[in-house]
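Let's look at how some helices pack in this model, and then visit one loop residue. Have the sequence and the 3D view ready.

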Amino acid sequence: PTAIIMEDAIEQFHITLEETRNTITHHAQSNFQTVDSLHECHHRLSLVYRDVRFLFDVIPMPKVPMPMPLSGSGNGNNNNDIWIAMIDNCKLKAGQLAKELCSYVTSTSASALIDHPHDSMATQAAIAQIVELTIRIVMECSQPILDTTNASSRGGGGSGSDVTVVDDDDEILEITKQYTSYQRALLRNRSKPSIANIAQIREYAKDCNLYVSDYIYQTTAQNEENNQEGQQQQQKQQQQQLNGNTNGNDNAMDEEEYKRSYKQPYAHAITVILGEASSLLHPLMMWLEGIQSQNNVINNNNDNVSFSKERRTQSFLMEMCINTINTIHLEAERLSITIGDWFLDDHQDSFTADNANATTNDNNNNSSSNN
């Protein structure tokens, strides 16, 4: 009966694994264009996690899973060792698939960066769930290895005392670092248009042999003069299509933001940077608060062995949230300082030139008076 149950469980695991792999591959090809695609991948991966854990329930497992026994060892015909080796193989496949999905959704590549600005909260929540589930699967599926040094020194073969567990800290830390890098890339990507706008203005001013402040003044006057009613209506329609809403007030705000982008580009850029940083920090702060509450529950059950793995999971998640929050703070500060430095440089040149012109005019007036 045990063999039949194990065979059915392993078969079901592989069916679920392949279905999940196909789902992930399908949505990865379109770069997870919708939040639903992220939810579906998370759901499929959770089924893999369920099936892996079920394998541990259908066979009595030692505290440290054993690998396949060495040839010639006394335990070579132990069926339990064979089942454990098969389970280890299933664990390895589950861990690899989870890390593959996590690398997809937290990619920092410009062409693969997942960001749905009009559904940002749901998108970030779905990605956070995938990252957390990946950490749980990697922790559950840590592979055992045989300590051959100890085994050979004792002349033993496959005893449980020769088995150590691979330290999965590095794998999990790599996952958390990737998530932090992803959040940093999101902030930079969302801030990029407003920063690029200033860089473009500075370049145009240089080409026109104008000070930036003078170029902004001329551009503002020209834009307001050419701002005809037909163009405004066309911009509204385009913005409505992009935003997916027909709220006139929202579009009015978009028009005001567009005007600020060429009237006050420095202030506009800093506003965008800090606003986007806040939108990324808020869900992270909420997540961190939830983790801290969960830790309080876990710490009240110090004597319960079943809480040890959950305590470790929450510890990794808390560290990841704190590091990500700090990274976003530092990146927002760095980008804002860069904009501030550009503002000072550009306006210092104009201020110096104005003072020089004023001094020249004063000298000319004095000369005229003396004559």
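α4 and α6 cross in a right-handed way (clockwise turn of the near helix from the far one, by less than a right angle; left-handed if anticlockwise). The two helices are roughly antiparallel (angles over 145 degrees; under 35 counts as roughly parallel). This is a predicted model, where local features need pLDDT of at least 70, side-chain atom pairs count only at pLDDT 80 or more, and totals for chains, interfaces and linings use all residues. Residues are numbered from 1 along each chain as its sequence is written, and side-chain values use heavy atoms, leaving out hydrogens and water.

The other pairing involves α2, which passes α4 in a left-handed crossing. Here are both pairs side by side:

| Pair | Axes come within | Crossing angle |
|---|---|---|
| α2 (residues 35-57) and α4 (residues 120-140) | 10 Å | roughly 20 degrees |
| α4 and α6 (residues 169-207) | 9 Å | roughly 165 degrees |

The angle in the first row makes α2 roughly parallel to α4.

Which residues does α4 bring to α6? Among them are Ile 127, Val 131 and Ile 135, while α6 offers residues including Ile 175, Tyr 179 and Leu 186 (contact means heavy atoms within 4.5 Å). The residues of this contact divide into 11 nonpolar, 5 polar and 2 charged.

Now for the loop between α3 (79-105) and α4, where Ser 107 sits. Is Ser 107 buried or exposed? Ser 107 is buried, at 15% relative accessible area (buried is under 20%, exposed over 50%). Leaving out residues up to four places away in sequence, Ser 107 touches Ala 112, Leu 113, Gln 178 and Tyr 182.

Note on methods:
Axes are lines fitted to C-alpha atoms, for helices over the stretch in contact, and angles run from 0 to 180 degrees between N-to-C directions. Helices (H or I, at least four residues) and strands (E, at least two) are DSSP runs, numbered from the N terminus. Angles under 35 degrees count as roughly parallel, over 145 as roughly antiparallel, 65 to 115 as roughly perpendicular and the rest as oblique. Buried means under 20% relative accessible area, exposed over 50%, partly exposed in between (1.4 Å probe, protein chains only). Ala, Val, Leu, Ile, Met, Phe, Trp, Tyr, Cys and Pro count as nonpolar, Asp, Glu, Lys and Arg as charged, and the others, Gly among them, as polar.
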